[in-house]
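Subject: Structure handover

Hi,

Here is the structure I promised to pass on to you. Have a look at it first, and then read on for what turned up.

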Amino acid sequence: GERLSLQAVFGMIVTVTGIGMSVLNKGTTHKVGLKLPLKGVLFGIGAGVGQGVGLVLSKVGMKYYALAIPTDMDNVANLLPFASTFIRAIAGLVGFVVVMAVRKEFGAMQVALKDRKGVNAAIGATLTGPFIGVSLSLMAVQYTEAGIASTIMALTPVFILWPAYMLFKQRVTAKEIIGVIISVVGVSLFFL
């Protein structure tokens, strides 16, 4: 039942155009080529669809969850995104255990847990992505339209350029920087 203004739709188009400029490049045999393997892009699209559907369903779930909170505990409503993330994490853990059980790969988990450096990196990634990132994304949809929040969250390719350059020495082109600028301008249209 959410409605977006024409300016918000235009902002989404500008933002996605900027993101596209950061991801797409000119190929030698085709007019447009992907900088990334097709399989990775397809999995990314699938992840985007899953995240979008999950985000909308989480917003619906948070509304029902909020109705169950007594009215004298209104300040608890600010914690709903964190509680919702916890519920999603439990569902993810159950799914992970089921997959590990079906594949009979619990031995691989024991081997992985012996790698302290890998475990520490996984813990850091888990805290920043699935816990803090998802909780903040749910907080965003709690206070604004899901489409606007989702478009702003789609700036991941923009935010990833600097760490990719610093950590993996990936070259950043002028076209990618222009794409970043266009994406930021698109997002700023939401707030004018």
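Accessible areas here come from the Shrake-Rupley method with a 1.4 Å probe. On that basis the protein exposes about 13,600 Å², and carbon and sulfur atoms supply 73% of this area. Please keep in mind that this is a predicted model. Of its 192 residues, 22% count as buried.

**Overall layout**

The protein has eight helices and two strands. Read from the N terminus, the order of elements is α-β-β-α-α-α-α-α-α-α. Among contacts with a separation of 6 or more, 72% are between residues 24 or more positions apart.

**The cores**

As general background, nonpolar side chains in soluble globular proteins tend to be buried together. Which residues make up the largest nonpolar core here? There are ten of them: Ala8, Met12, Ile19, Ile148, Leu155, Val158, Leu161, Val180, Val187 and Phe190. Two or more residues each come from helix H1 (6-23), helix H7 (156-168) and helix H8 (174-188). H1 gives the largest share, with three residues. Apart from this core lies another one, of nine residues, including Leu55, Met62, Ile69 and Leu80.

Back in the largest core, Ile19 is a good residue to click on. Leaving out residues up to four places away in sequence, Ile19 touches Ala154, Leu155, Pro157, Val158, Gly179 and Ser183. The last of these, Ser183, lies in helix H8. Is Ser183 buried or exposed? Its relative accessible area is 0%, so Ser183 is buried. With the same sequence neighbours left out, Ser183 touches Thr15, Gly18, Ile19, Leu155 and Val158.

**A buried lysine**

Lys59, in helix H2, may also interest you. Its relative accessible area is 12%, and because buried means under 20%, Lys59 counts as buried. Which residues does Lys59 contact, leaving aside its neighbours within four places in sequence? They are Glu2, Val141, Thr144, Glu145 and Ala146.

**A nonpolar patch on the surface**

Helix H2 spans residues 38-67 and also holds Leu42. This leucine is exposed, with a relative accessible area of 53%. Leu42 is one of the residues that make a nonpolar surface patch of about 600 Å², together with Leu38, Ile45, Val49, Val53 and Leu57.

**The aromatic pair**

The count of aromatic pairs comes to one. The ring centres of Phe82 and Phe131 are 6.0 Å apart and the ring planes stand at 45 degrees, so this pair is tilted. Which parts of the chain does the pair tie together? Phe82 is in helix H3 (residues 80-103) and Phe131 is in helix H5 (residues 116-143), so the pair joins parts that are 49 residues apart in sequence. Phe82 counts as partly exposed, at 30% relative accessibility. Phe131 is partly exposed too, with a relative accessible area of 38%.

If you would like a route through the model, you could begin with Ile19 and its contact Ser183, go on to Lys59 in helix H2, then view the patch that includes Leu42, and finish at the tilted pair of Phe82 and Phe131.

Happy viewing, and all the best

Methods: Residues numbered from 1 in each chain as written. Predicted model: local features only at pLDDT ≥ 70, side-chain atom pairs only at ≥ 80, totals over all residues. Heavy atoms only, no water. Core = buried A, V, L, I, M, F, W, Y, C linked by side-chain atoms within 4.5 Å. Buried < 20%, exposed > 50% of the residue type's maximum accessible area, 1.4 Å probe, protein only. Helix = DSSP H or I, 4+ residues; strand = E, 2+ residues; numbered from the N terminus. Contact = heavy atoms within 4.5 Å. Patch = residues over 30% accessible without salt bridge, like charges linked within 9 Å, V, L, I, M, F, W, Y side chains within 5 Å. Salt bridge = Lys/Arg side-chain N within 4 Å of Asp/Glu carboxyl O. Phe/Tyr/Trp six-rings, centres within 6.5 Å; stacked < 30°, edge-to-face > 60°.
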